[in-house]
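Reader: Hi! I'm in my first year and still learning to read protein models. Could you take one part of this one and walk me through it slowly?

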Amino acid sequence: MPKRVLVIDPIATHRIRLSVFLEDAHFRVVTASDVTEFRGSARGFDIVIVGLPRHRLAGLITSLAATLHGTSTPLLALDGNSSPLRRLLALRAGAREVLRRQVPDDLLLSRLRGLIRESEAEREADRRRLTAASFGFAEASAGFDAKASILCLGSLGSLSNELSALLPHRITVADAVRDTDGALVAKPDAIVLNTGSDAKALTRLLSELRDETHLSPTPVLALYPERYASMATQALALGASEVVPDTAGIEEVELRLTNMLVRKAQNDALRRSDEQSYRLAATDPLTGLYNRRYAETYLAALPSQADEQNPEFCALLVDLDHFKAVNDTYGHA
């Protein structure tokens with residue numbers, strides 16, 4: 001089913017141009033000139049794109065965020081004057097991303113699809129939490145360790161020192177994922193990457209990160225020169241979670257990193273939920289032993305494995321009479 005996009009922009013030509021572009025990319029698009037047209041009914045969309053006016057920027061974003069409160073529908077803001085300060089104000093007001101109006105189409109599309117994927121993961125996590133709660137398995141809401149580990153890769157200049165001063169996290173600075181002995185330089189919860197205008201170094205480092213299996217879920221914030229928008233698209237295609245111009249101030253980098261860590265904690269909780277589901281399906285809740293469903297599958301596979309690999313095996317069956325008395329006297333454990 002095509003994803004539904006709500007485009008809000010007071011300028012008709014911007015609405016029309018964006019609507020045509022998104023429909024060509026197989027999205028279902030609804031347009032509006034003002035947020036009040038969709039107050040209370042913007043929840044049915046997969047993403048909301050808003051064109052920022054010159055004035056009352058924060059007020060507009062805050063109003064939209066209030067309309068979508070309690071949902072995971074992301075706000076993507078397009079700004080004709082994407083100065084670092086305006087971008088930071090919009091992010092603080094509730095926008096998930098802020099891009100220039102003149103951003104290349106492929107970068108806009110990459111970021112749009114990435115935000116929708118993130119929101120779908122958040123909705124799935126919410127559904128599983130509600131299901132777990134209905135069975136009495138509710139868990140505490142996901143947070144992240146106050147002492148998270150952040151790996152700074154590439155030429156970050158003074159940014160890594162500023163992050164160390166501003167954030168409570170452990171900051172590691174390196175030029176590569178592994179040191180000269182082949183050991184990982186860090187096991188980070190998030191990665192900040194900056195290769196300047198060196199596109200080859202960007203490709204190499206992101207490829208190295210994705211080749212490390214245990215680092216594949218680690219979110220990556222990639223900085224890029226604003227005049228080289230193609231590098232941002234390339235970074236997203238190679239697995240970066242977010243991209244930001246290298247003109248961004250330390251406050252914006254800190255805000256993006258904090259939000260990335262929160263989303264990572266949610267994703268980690270979702271993976272733990274999967275593991276718990278598999279464990280509950282295969283084990284007895286009283287004893288913790290594997291159940292009959294697991295045993296039948298395991299035992300059925302043993303003869304075929306013996307035929308292929310020629311190992312010896314035996315099956316031992318123990319039948320205890322009056323076993324209920326053992327449970328009642330000594331407990332299931």
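Author: Sure, here is a walk through one sheet and the helices around it, with a few loop residues at the end.

A quick word on the ground rules: this is a predicted model, where local features need pLDDT of at least 70, side-chain atom pairs count only at pLDDT 80 or more, and totals for chains, interfaces and linings use all residues. Residues are numbered from 1 along each chain as its sequence is written, and side-chain values use heavy atoms, with hydrogens and water left out.

Let's start with the sheet. It is open, has five strands in the order S7-S6-S8-S9-S10, and the pairing is parallel. The labels come from DSSP runs numbered from the N terminus: helices are H or I runs of at least four residues, strands are E runs of at least two. Two strands pair if DSSP finds at least two bridges between them. The edges are S7 and S10 (242-245), each of which pairs on one side only. On average, and ignoring direction, neighbouring strands here are turned by 20° against each other. Angles like this run from 0 to 180 degrees between N-to-C directions, using axes that are lines fitted to C-alpha atoms, for helices over the stretch in contact.

Now zoom in on S6, residues 149-154. Six of its six residues are buried, where buried means under 20% relative accessible area, exposed over 50%, and partly exposed in between, with a 1.4 Å probe and protein chains only. S6 is joined by five bridges to S7 (residues 170-174), and the two run parallel. In that pairing, Ser 149 has Arg 170 of S7 as its bridge partner. To get from S6 to S7, the chain passes through helix H5 (residues 159-166), and this β-α-β crossover is right-handed. In other words, with the strands pointing away from you, the path from the first strand over the helix to the second runs clockwise. H5 lies across S6, S7 and S9, running at about 170° to S7; lying across rests on contact, meaning heavy atoms within 4.5 Å.

S6 also has five bridges to S8 (residues 190-194), again in parallel, and there Ile 150 has Ala 190 as its bridge partner. Towards the S10 edge, S9 (residues 220-224) and S10 pair in the parallel sense over four bridges. One of the partnerships is Leu 223 with Val 244 in S10.

Next, a pair of helices. H6 (residues 199-211) and H7 (residues 229-237) pack at about 10°, with their axes 10 Å apart. They are therefore roughly parallel to each other, since angles under 35 degrees count as roughly parallel, over 145 as roughly antiparallel, 65 to 115 as roughly perpendicular and the rest as oblique. Their crossing is right-handed, so the near helix is turned clockwise from the far one by less than a right angle. Ala 199, Leu 202, Thr 203 and Leu 206 of H6 meet Met 231, Gln 234 and Ala 235 of H7.

Last, some backbone angles. Most residues other than glycine have a negative phi. His 26, in the loop between helix H1 (12-24) and strand S2 (28-32), has a positive phi near 75°. His 26 is exposed, at a relative accessible area of 64%. His 322 also has a positive phi, about 55°, and is exposed at 69%.
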